[in-house]
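Got your viewer open? Keep the selection box handy and we'll walk through this one stop at a time.

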Amino acid sequence: MFEINALDCLENWKKALFDDLKNNKIEYDVAFVTYESNILEELKSKINPKYCVVGDFGSQVGCFYEVMNLVKKVKDDYDRFIILRFDYQYRLKITNWNRWSEKGITLVNKDLSWYGTKFCSDMV
């Protein structure tokens, strides 16, 4: 049986997201809005999110509602919010995304990730 594990995405995230931001001298914070998981503490130790909301949201819609609640709380502290998922690996470096220059909220689309490749089902 295939075990779902977001840790399989870490190397991809490092290259496509975190290293690209650092190389371009872009400051960022990471937030987790997620369900309880047996790998959550390990993910937190490797990514060090500034915000972490963990709960039983009932569905992906409920989880996304909590994402929006967090965005509302900290909206004045940030220029933009990029809403990612734990189950995506990214094809392009984040600063090459077609909407990189836009402010506000960006949701990842299928052109930026291997959309059908899923390792787990939550948001980062």
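What follows is a tour that starts with the whole chain and then moves from stop to stop.

**Before you click**

This is a predicted model, so nothing here comes from an experiment: local features need pLDDT of at least 70, side-chain atom pairs count only at pLDDT 80 or more, and totals for chains, interfaces and linings use all residues. Residues are numbered from 1 along each chain as its sequence is written, and side-chain values use heavy atoms, with hydrogens and water left out.

**Stop 1: the whole chain**

Switch to cartoon view. The protein has 3 helices and 4 strands, and from the N terminus they come in the order α-β-α-β-α-β-β. Helices (H or I, at least four residues) and strands (E, at least two) are DSSP runs, numbered from the N terminus.

Now colour by accessibility. Buried means under 20% relative accessible area, exposed means over 50%, and partly exposed is in between (1.4 Å probe, protein chains only). Of the 124 residues, 42% are buried. As for contacts (heavy atoms within 4.5 Å), take those with a separation of 6 or more: 62% of them join residues 24 or more positions apart.

**Stop 2: helix α2**

Select residues 40-47, which is helix α2. Which residues of α2 are buried? They are Leu40, Leu43 and Ile47. Why are they on the same side of α2? Because they cover an arc of only 60 degrees around the axis; the arc is that of the directions from the helix axis to the C-beta atoms. Here's the handy rule behind it: an α-helix has 3.6 residues a turn, so residues three or four places apart point the same way.

Spin to the other side of α2 and you'll find Glu41, Ser45 and Lys46, which are exposed. Back on the buried side, add α1 (10-23), β1 (31-34) and β2 (51-54) to your selection: the buried residues of α2 pack against these.

**Stop 3: two strands and a helix**

Keep β1 and β2 on screen. They pair in the parallel sense over 4 bridges; two strands pair if DSSP finds at least two bridges between them. Click Phe32 and you'll see that it stands opposite Cys52 in β2.

Bring α2 back in. Together, β1, α2 and β2 make a right-handed β-α-β unit. To check the hand yourself, point the strands away from you: a crossover is right-handed if the path from the first strand over the helix to the second then runs clockwise.

**Stop 4: two loop residues**

Select Lys25, in the loop between α1 and β1. Its phi is near 55 degrees, a positive value in a residue other than glycine. Lys25 is exposed, with a relative accessible area of 76%.

Next, jump to Asn48, in the loop between α2 and β2. Its phi is also positive, near 55 degrees, and Asn48 is exposed at 62% relative accessibility.

**Stop 5: the cysteines**

How many disulfides does the structure hold? It holds 0, a disulfide being a pair of cysteine sulfur atoms within 2.5 Å. Still, have a look at Cys9, which is buried at a relative accessible area of 0%, and at Cys52, which is partly exposed at 33%.

**Stop 6: charged pairs**

Side chains of opposite charge can pair when their charged atoms come close. A salt bridge is a side-chain nitrogen of Lys or Arg within 4 Å of a carboxyl oxygen of Asp or Glu, and the structure holds 7 of them.

Try Lys15 and Glu11, whose side chains meet in a salt bridge (3.9 Å, N to O). They are 4 residues apart in helix α1, so about one helical turn separates them. Glu11 is partly exposed at 47% relative accessibility.

Then show Asp76 and Lys75, a salt bridge with the closest N and O atoms 3.5 Å apart. Asp76 is exposed at 69% relative accessibility, while Lys75 is partly exposed at 46%.

One more: Arg99 and Glu102 form a salt bridge (3.9 Å, N to O). Arg99 is partly exposed at 47%, and Glu102 is partly exposed at 37%.

**Last stop: Val108**

Select Val108, in the segment after β4 (104-107). Is Val108 buried or exposed? Val108 is buried, at 15% relative accessibility. Add Ile83 to finish: Val108 and Ile83 are 25 residues apart in sequence and 6.8 Å apart in space, C-alpha to C-alpha.
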